[in-house]
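Let's take a walk through this one together. Have the viewer open so you can click along as we go.

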Amino acid sequence: MNKKRFFTLLTSVLILIGTIIYTSSSVANTTPIVLDTKYPQVEIINKTNPDNDFSIKYPLFHMEKIDQIILSYIKKWNNKPIDITYNIVHYSQQTLSIQFTEQKATQPNHSTTHTLNINLSEGKIIKLADLFSTDNSEDYLTVLSDIAYNELKNNENITLLNKELKKATAPTLEHFHKFILLNDAIVFYVKLGDDIKDLQLAVSKNLLNDMLIDQYKSNDTNKDIVEDSTPANLVTELPKKELEIPLDQKVIALSFDDGPKKGTTDIILDALKNYDAHATFFVLGSMAEKNPELLTEMVNQGNEVGSHSWDHPHLTKMNDQKVKHQIDRTKSLIQNITGIEPTLFRPPYGSFDQSVCDLLGNAEVALWDIDTEDWKYRDKDHIVSTVMNNAADGRIVLMHDIYQTSAEAAVEIIHQLTSQGYKIVSVSELLEIKKHRELAA
Ligand code: ZN
């Protein structure tokens, strides 16, 4: 019995000693775990080798597939002369986006950005094409290219030539493959050249919503688990289409009031289309309501739709409430039919005052330079000669698209102006060209 007891005791003591030795040695071999300050569930791994100028910091999530993706990126830099740091820019229920900054020892003044976006439920890397539902990559790349070009052009710190900007932002996958997904925005890192820091371009998801697949639209599963940050210089508006008209080209704007009307407006639209010309139609709400398809056709051809009130009253003889009704009702109708809010308003009889202007909201008053008085003369040749005798660069012509004689005159006018070297534009295009000319002068 004593022997048995002795052995039991001895075994227990040995196990205890063994445990103490094992525990203390394993403690001694473990470096303290460092956690990410923003996301405490993430471990930071820091590897260095001063002999090789190698230093690398990366996060581990202790989720097998995710860590594998990160490690396979890290592996290729092992013991190379580089300094890599990371930033978890976004971490939501659905996605994880990490930005790595690679600083090569041989290029101390220049760092490169590498991005990793991971679909957490599938444990897969998200590529740009995965975000969009369209089969045609030209669609979203064209939008991104337009946005990027416009931002670069207006960025004072960038000194590239125009053709270099066009090249750097051309709509190819290669230019937009580095990105970070946020809940409301996508941040791109656009490469401008070998020695230039990548341009950070943040684009609101709203601008891409009709192409993004539902999963990646802004929603609760894409909310950051800590806090959503708004990126710097977020682009929230699509760039205006660039004017393709040379600044030294003669331009003239044709405007047509009181329509649209079937049988006459169509004739003018056909002529504009044939000569690649644009006009502004100042429509009456009461007429537009009867002919919505003519408004759609106007916009489809690149023409402009302005407002001319609901039913042509003398606005200066009305109270504010009635004026506001004339303006707002017409504006909503135009917007409902065409999807575009009119920015120009032509008051009936050209009569307006400050209180009319105050009720216009974002729109502005647009008058004219050449009055054909086509409503009075109803004579094709008279209307044509009035316009041609007074035509000059930068002028706005007033006609009415509800008369047969005016429509026939318009066809002839469009033909003659074009053969005299005029580019026929809408009123807004004319104003835009004048603005560009002033800037260039
Ligand atoms: Zn009128």
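Keep in mind that this is a predicted model. A handy place to begin is the empty space inside: the structure holds 1 cavity of 30 Å³ or more, and its volume comes to about 60 Å³. Who lines it? The wall is made of Ser307, Ile327, Lys331, Pro342, Leu344, Phe345, Leu360 and Ala363. Sort those by class and you get 6 nonpolar, 1 polar and 1 charged residues. Helix H9 (320-338) and strand S15 (344-345) each put at least two residues into that lining.

Next, look for the zinc ion. Its protein donors are Asp258 through OD, plus His308 and His312, each through NE2, at 2.0 to 2.2 Å from the metal. Along the sequence, the donor residues follow the spacing D-x49-H-x3-H. Asp258 sits in the loop between strand S12 (251-257) and helix H6 (265-274), while His312 sits in the loop between strand S14 (304-307) and H9, so this pair ties together parts that are 54 residues apart in sequence. Are these two buried or exposed? Asp258 counts as buried because its relative accessibility is 13%, and His312, at 18%, counts as buried too.

Stay in the loop between S12 and H6 for a moment, since Pro260 is also found there. Most peptide bonds are trans. The bond from Gly259 to Pro260, however, is cis, with omega near 0°.

Now for the greasy part. The largest nonpolar core has 35 residues, and the ones touching the most other members are Leu254, Phe256, Phe281, Val283, Met399, Ile413 and Leu417. Many elements chip in: S12, H6, strand S13 (279-283), helix H8 (292-300), H9, helix H12 (380-390), strand S18 (395-400) and helix H13 (404-419) each supply at least two residues of this core. The largest share, 6 residues, comes from H13. Click on Leu417 and, leaving aside residues up to four places away in sequence, you'll find it touching Ile252, Leu254, Met388, Ala391, Tyr422 and Ile424. Apart from this core lies another, of 30 residues, including Ile126, Ile147, Leu208 and Leu212.

A little further along the chain is Ser426, in the loop between strand S19 (423-425) and helix H14 (427-440). With a relative accessibility of 3%, Ser426 counts as buried. Again skipping residues up to four places away in sequence, Ser426 touches Ala253, His278, Ala279, Thr280 and Glu304.

To finish, swing over to the loop between helix H2 (64-75) and strand S4 (82-91), where Pro81 is located. Pro81 is partly exposed, at 42% relative accessibility. How far is Pro81 from Phe54 in space? The two are 4.9 Å apart, C-alpha to C-alpha, with their positions 27 residues apart in sequence. Beyond residues up to four places away in sequence, Pro81 touches Asn52, Asp53, Lys104 and Ala105.

One of those contacts deserves a click of its own. Asp53 lies in the loop between strand S2 (43-49) and strand S3 (54-60). Most residues other than glycine have a negative phi. Asp53 goes the other way, with a positive phi of about 55°. Asn79, in the loop between H2 and S4, also has a positive phi, of about 60°, although it is not a glycine. Asn79 has a relative accessibility of 36%, so it counts as partly exposed.

Note on methods. Residues numbered from 1 in each chain as written. Predicted model: local features only at pLDDT ≥ 70, side-chain atom pairs only at ≥ 80, totals over all residues. Heavy atoms only, no water. Helix = DSSP H or I, 4+ residues; strand = E, 2+ residues; numbered from the N terminus. Buried < 20%, exposed > 50% of the residue type's maximum accessible area, 1.4 Å probe, protein only. Contact = heavy atoms within 4.5 Å. Donors = N, O, S within 2.8 Å, 3.2 Å for Na, K, Ca; no water. 1 Å grid on protein atoms, 1.4 Å probe; cavity = no way out; pocket = protein on both sides within 12 Å on 5 of 7 lines; lining within 4 Å. Points joined across faces, edges and corners; volume = space filled by probe spheres on them. Nonpolar A, V, L, I, M, F, W, Y, C, P; charged D, E, K, R; others polar. Core = buried A, V, L, I, M, F, W, Y, C linked by side-chain atoms within 4.5 Å.
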